[in-house]
Amino acid sequence: MESVIEMNQTFSLEELARKGLKERDVKELSAKIFVKDDKVYFFDEIENKHYRLYSVIHKRSFFL
């Protein structure tokens, strides 16, 4: 069963990896970018190396 990734929730890098998200290095953006399947996830880094999800878009809308 796949766990849900909800907006405005915070996650550690380990939690994101367990959920199957793969980090992408995008130098033009200050956000942490992760991809899974056909979605691109945008995270803000907050305290203690945790990340807050603030946006999700379709992969075709974002050129990696």
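**Entry 1: strands**

I began with Lys32 and found its bridge partner in β4, which is Phe43. I noted that I am reading a predicted model.

Next I asked how β3 and β4 run relative to each other, parallel or antiparallel. They run antiparallel, and five bridges join them. I wrote down the limits: β3 covers residues 32-36 and β4 covers residues 39-46.

Then I looked at the turn. β3 and β4 make a hairpin, with two residues between the strands. Asp37 sits in that turn and has a positive phi of about 55°.

I moved on to β5, residues 50-58. How many bridges pair β4 with β5? I found eight, again in the antiparallel sense. One partner pair I looked up is Glu45 with Tyr51, the latter in β5.

β4 and β5 also form a hairpin, this time with three residues between them. In this turn I noted Asn48, with a positive phi of about 55°.

I added a reminder on strands. In a regular strand, side chains alternate between the two faces of the sheet.

**Entry 2: salt bridges**

Side chains of opposite charge can pair when their charged atoms come close. I counted the salt bridges and got four. I looked up three of the pairs, as follows.

- Glu23 and Lys32 form one, with the closest N and O atoms 2.9 Å apart. Glu23 is partly exposed at 38% relative accessible area. Lys32 is partly exposed as well, at 23%. This is the Lys32 whose bridge partner in β4 is Phe43.
- Lys27 and Asp25 form another, and here the closest N and O atoms are 3.2 Å apart. Is Lys27 buried or exposed? It is exposed, with a relative accessible area of 71%. Asp25 counts as exposed too, at 66%.
- Arg52 and Asp44 also form a salt bridge, with 2.7 Å between the closest N and O atoms. Arg52 counts as partly exposed at 24% relative accessibility. Asp44 is partly exposed, with 28%.

I checked the last pair against my strand limits. Asp44 falls within β4, residues 39-46, and Arg52 falls within β5, residues 50-58.

**Entry 3: aromatic rings**

How many aromatic pairs does the structure hold? It holds three.

One of them is Phe34 with Phe43. Their ring centres are 5.3 Å apart and the planes stand at 80°, and the pair is edge-to-face. I checked both for exposure. Phe34 is buried at 3% relative accessible area. Phe43 is buried at 0%.

Another pair is Phe42 with Tyr54. Why is this pair called tilted? The planes of the two rings meet at 50°, and planes from 30 to 60 degrees apart count as tilted, so this pair gets that label. The ring centres lie 6.2 Å apart.

I traced where these two rings sit. Phe42 is in strand β4 and Tyr54 is in strand β5, twelve residues apart, and the pair links distant parts of the chain. Phe42 is buried, with a relative accessible area of 9%. Tyr54 counts as partly exposed at 33%.

Last, I looked for a group of rings. Phe11, Phe34 and Phe43 form one aromatic cluster. Two of its members, Phe34 and Phe43, are the edge-to-face pair I noted above.

How values were computed: Residues are numbered from 1 along each chain as its sequence is written. This is a predicted model: local features need pLDDT of at least 70, side-chain atom pairs count only at pLDDT 80 or more; totals for chains, interfaces and linings use all residues. Side-chain values use heavy atoms; hydrogens and water are left out. Two strands pair if DSSP finds at least two bridges between them. Helices (H or I, at least four residues) and strands (E, at least two) are DSSP runs, numbered from the N terminus. A salt bridge is a side-chain nitrogen of Lys or Arg within 4 Å of a carboxyl oxygen of Asp or Glu. Buried means under 20% relative accessible area, exposed over 50%, partly exposed in between (1.4 Å probe, protein chains only). Rings of Phe, Tyr and Trp (its six-membered ring) pair if their centres lie within 6.5 Å; planes under 30 degrees apart count as stacked, over 60 as edge-to-face and the rest as tilted.
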